[in-house]
Amino acid sequence: MLRLAQPAIREPMQIYPEIDAFLLCPTPDSWVQAALQNLDILLIDHANNEKKAAGAAFQFMFQYNDKFDLLAKMSRLAREELRHFEQVIGIIKKRNIPMANISSARYAGSLRKLVRTHNPYRLTDALIVGAIVEARSCERFAALVPHLDEDLSKFYASLLKSEARHFQDYLKLAYTYGTEADVDAKIEEIRLAERELILSPDEDFRFHSGVPAL
């Protein structure tokens, strides 16, 4: 496992207010400390997540190709996620981190279990899950930035704007294709489940894992 020899000391980074208000809990400091001790796994899992995010955007485009707002936003999102994947791969290569196959976190799969199986609810629920994942990713980047070396800190800080926009795009689409009352209720249900995943113990460290198990 790679360790940061001399973590940079910086002021805490301010998260976007709408994301801070949306998530029901901040990332625990114990997760941040685990990330600093597992930088190789953090980067590899981050790269995997960027691939999955691009794939999810393509899946929306193929499944709902009659929804022009969705097509436009998901096309842009897929391009940005693939660009981020390329950037993370470049960082991994530059740091001589061996690529490895690592298992996925329980996080996204657990949230997807709450997606209803029939439309229009299948679409709106999946969009809500996308919004929550993007919001948590943005929040975690901000939590990590003050503790990382200069190059990685700048890179993660550069991702905040796009991650926040992805969160907003997913959320706006959910309200576009669903009723306000139903979307509000489903957001609350999935946010509560997300908080439990973030605050409960995880055996394996991942970008979206919970607190490290003792």
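Here are some short exercises on this predicted model, each with a worked solution.

**Exercise 1. The largest pocket**

Task: Work out what volume the largest pocket has and which residues lie closest to its centre.

Solution:
- Start with the volume, which comes to about 810 Å³ for the largest pocket.
- Next, look at who sits around the middle: of the 32 lining residues, K52, A56, A108, R112 and V129 are the closest to the centre.
- Now go from residues to elements. Two or more lining residues come from each of α3 (39-63), α5 (106-112), α6 (121-144) and α7 (150-177).
- Helix α3 gives the most, with eleven residues in the lining.
- Finally, sort the lining by class: you should get 14 nonpolar, ten polar and eight charged residues.

**Exercise 2. A patch on the surface**

Task: Find which residues make a nonpolar surface patch of about 320 Å², then place F58 in its element.

Solution:
- The patch is the work of F58, F62 and L82.
- Pick out F58 and you'll find yourself in helix α3.
- Then check the accessibility of F58. The value is 37%, so F58 counts as partly exposed, given that this class runs between 20% and 50%.
- While you're in helix α3, have a look at Q59 too. Q59 has a relative accessible area of 46%, so Q59 is partly exposed.
- Last, hop from Q59 to L114: the two are 55 residues apart in sequence, and their C-alpha atoms lie 18 Å apart in space.

**Exercise 3. R136 and its partners**

Task: Say with which residues R136 forms salt bridges, and decide whether R136 is buried or exposed.

Solution:
- Take E139 to begin with. R136 makes a salt bridge with E139, and the closest N and O atoms are 3.0 Å apart.
- Both residues belong to helix α6, where three residues, or about one turn of the helix, separate them.
- Move on to E194, whose side chain also meets that of R136 in a salt bridge, at 2.7 Å from N to O.
- Here the elements change: E194 is in helix α8 (residues 180-199) and R136 is in helix α6, so this pair ties together parts that are 58 residues apart in sequence.
- Now for the accessibility. R136 is at 0%, so R136 counts as buried, the cut-off being under 20%.
- E139 is buried as well, and E194, at a relative accessible area of 1%, is buried too.

**Exercise 4. Along helix α8**

Task: Work out how far apart the closest N and O atoms of E188 and R191 are, and which of the two residues is buried and which partly exposed.

Solution:
- Go for the distance: the closest N and O atoms of this salt bridge are 2.6 Å apart.
- In sequence, E188 and R191 are three residues apart within helix α8, about one turn of the helix.
- Then compare the two ends. E188 has 33% relative accessibility, so E188 counts as partly exposed, whereas R191 has 17% and is buried.

**Exercise 5. Salt bridges as a set**

Task: Say how many salt bridges the model has, and which residues are linked with R116 in a network.

Solution:
- Count every side-chain nitrogen of Lys or Arg within 4 Å of a carboxyl oxygen of Asp or Glu as a salt bridge; the count comes to 15 salt bridges.
- Then follow the links from R116: D125, D182, K186 and E189 belong to the network with R116.

Conventions: Residues numbered from 1 in each chain as written. Predicted model: local features only at pLDDT ≥ 70, side-chain atom pairs only at ≥ 80, totals over all residues. Heavy atoms only, no water. 1 Å grid on protein atoms, 1.4 Å probe; cavity = no way out; pocket = protein on both sides within 12 Å on 5 of 7 lines; lining within 4 Å. Points joined across faces, edges and corners; volume = space filled by probe spheres on them. Helix = DSSP H or I, 4+ residues; strand = E, 2+ residues; numbered from the N terminus. Nonpolar A, V, L, I, M, F, W, Y, C, P; charged D, E, K, R; others polar. Patch = residues over 30% accessible without salt bridge, like charges linked within 9 Å, V, L, I, M, F, W, Y side chains within 5 Å. Areas by Shrake-Rupley, 256 points an atom, 1.4 Å probe, with all protein chains shown as cover. Buried < 20%, exposed > 50% of the residue type's maximum accessible area, 1.4 Å probe, protein only.
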